[in-house]
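Please open the structure in the viewer and keep the sequence panel visible beside it. The tour proceeds by selections, each followed by a description of what is found there.

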Amino acid sequence: MPSHDPIPTPIPAPMTAASRFSYRCTRCNSCCVDKRIQVNPYEIARLARNRGVSTAEARETFITADSALRQQEDGRCVFLGDQGCSVHADRPLVCRLFPLGRVIDAAGKVHFVPYPDPLAARGEFGEAGAVADYLEAQGATAFIAAADAYFAFFCRANARMGADTPIVADPDRDLLDIDSEIAAACTASGVAEPEDLLERMWLHISLLDEMLDR
Ligand code: SF4
């Protein structure tokens, strides 16, 4: 037997929403340590509201310059406390999907893949439901809509401007801050700001698209 057999992956890949899958978290918190958790403006707004701070403060305090959750000195997520995730109701999509990743291929087809490090997933795998059931139980629907909306915008921006061109050259604007962009736009137009966060996300996307068109 070879001495470096690959570690067996507990779930097959790739999977669709209909694939049999279940996972029971055992709260070992290993998925919250030394992980890069990328977040989009909708997720930052959810975290900001959870913490009772502005999106600008949330970006400053909890988010790195390249839009990931900050980590504590020992590699634990900035939101991981003694009792587990302190922002559980508003945790980002990556956390909701774990131990799955969601991939969109070049043809736009969505599939799900196992987290690349099977040792990080210490819960109980099974086939008691489907991937779609797991996503629903994790409250992932709104987060997937937001992830797809921002991904589509960045694809449009890259196609229009090239990946290396900054989307806007104005250093006084933070384009990815939903609240400041919406406040500025609604003040300028005299329109009331929507309260619902998903509505705000769609308005933010339309503001970004308007900026691309200019
Ligand atoms: S946001 Fe919560 S679930 Fe996600 S990595 Fe941080 S502590 Fe873990």
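The stops below lead from the whole chain to the ligand and then to three helices.

**The whole chain**

Begin by selecting the protein chain, bearing in mind that this is a predicted model. Coloured by secondary structure, the chain shows seven helices and six strands. Followed from the N terminus, these elements run in the order β-α-α-β-β-α-β-β-β-α-α-α-α. Of the 214 residues in the chain, 36% are buried.

**The ligand**

Select the ligand next, and display the residues around it. Which residues are around the ligand? They are C32, L69, C77, F79, L80, C85, V87, P92 and C95. By character, this shell divides into nine nonpolar residues, with no polar and no charged ones. The space that the ligand takes is the second largest pocket.

**Helix 1 and P41**

Move to P41, which has its place in helix 1, residues 41-51. Is P41 buried or exposed? Its relative accessible area is 6%, and because the limit for a buried residue is under 20%, P41 counts as buried. Now add L176 to the selection: P41 and L176 are 135 residues apart in sequence, yet their C-alpha atoms are 5.7 Å apart in space.

**Helix 6**

Select residues 178-189, which form helix 6. At 1.5 Å a residue, the 12 residues of this helix should span 16 Å, and the end C-alpha atoms are indeed 16 Å apart, in agreement with that expectation. Within helix 6, the buried residues are I178, D179, E181, I182 and C186. Turn the view to look down the axis of helix 6: its buried residues fall within an arc of 165°, so they line one face of the helix. An α-helix has 3.6 residues a turn, and therefore residues three or four places apart point the same way. On the face of helix 6 turned away from the buried side, T187 and A188 are exposed.

**Helix 7**

Finally, select residues 197-213, which form helix 7. Its 17 residues should span 24 Å at 1.5 Å a residue, and the distance between the end C-alpha atoms, 24 Å, agrees. Colour L197, R200, M201, H204, I205, L207, L208, M211 and L212, which are buried in helix 7. Viewed down the axis of helix 7, the buried residues fall within an arc of 160°, so they line one face of the helix. The other side of helix 7 carries the exposed residues E199 and D213.

How values were computed
Residues are numbered from 1 along each chain as its sequence is written. This is a predicted model: local features need pLDDT of at least 70, side-chain atom pairs count only at pLDDT 80 or more; totals for chains, interfaces and linings use all residues. Side-chain values use heavy atoms; hydrogens and water are left out. A residue is near a molecule or strand if one of its heavy atoms lies within 4 Å of it. On a 1 Å grid over the protein atoms alone, a cavity is a set of points where a 1.4 Å probe fits but cannot get out, and a pocket is an open set with protein on both sides within 12 Å along at least five of seven lines; lining residues have an atom within 4 Å of a point. A molecule sits in a cavity or pocket if more than half of its atoms lie within 2 Å of its grid points. Ala, Val, Leu, Ile, Met, Phe, Trp, Tyr, Cys and Pro count as nonpolar, Asp, Glu, Lys and Arg as charged, and the others, Gly among them, as polar. Helices (H or I, at least four residues) and strands (E, at least two) are DSSP runs, numbered from the N terminus. The expected span of a helix is 1.5 Å times one less than its number of residues. Buried means under 20% relative accessible area, exposed over 50%, partly exposed in between (1.4 Å probe, protein chains only). The arc is that of the directions from the helix axis to the C-beta atoms.
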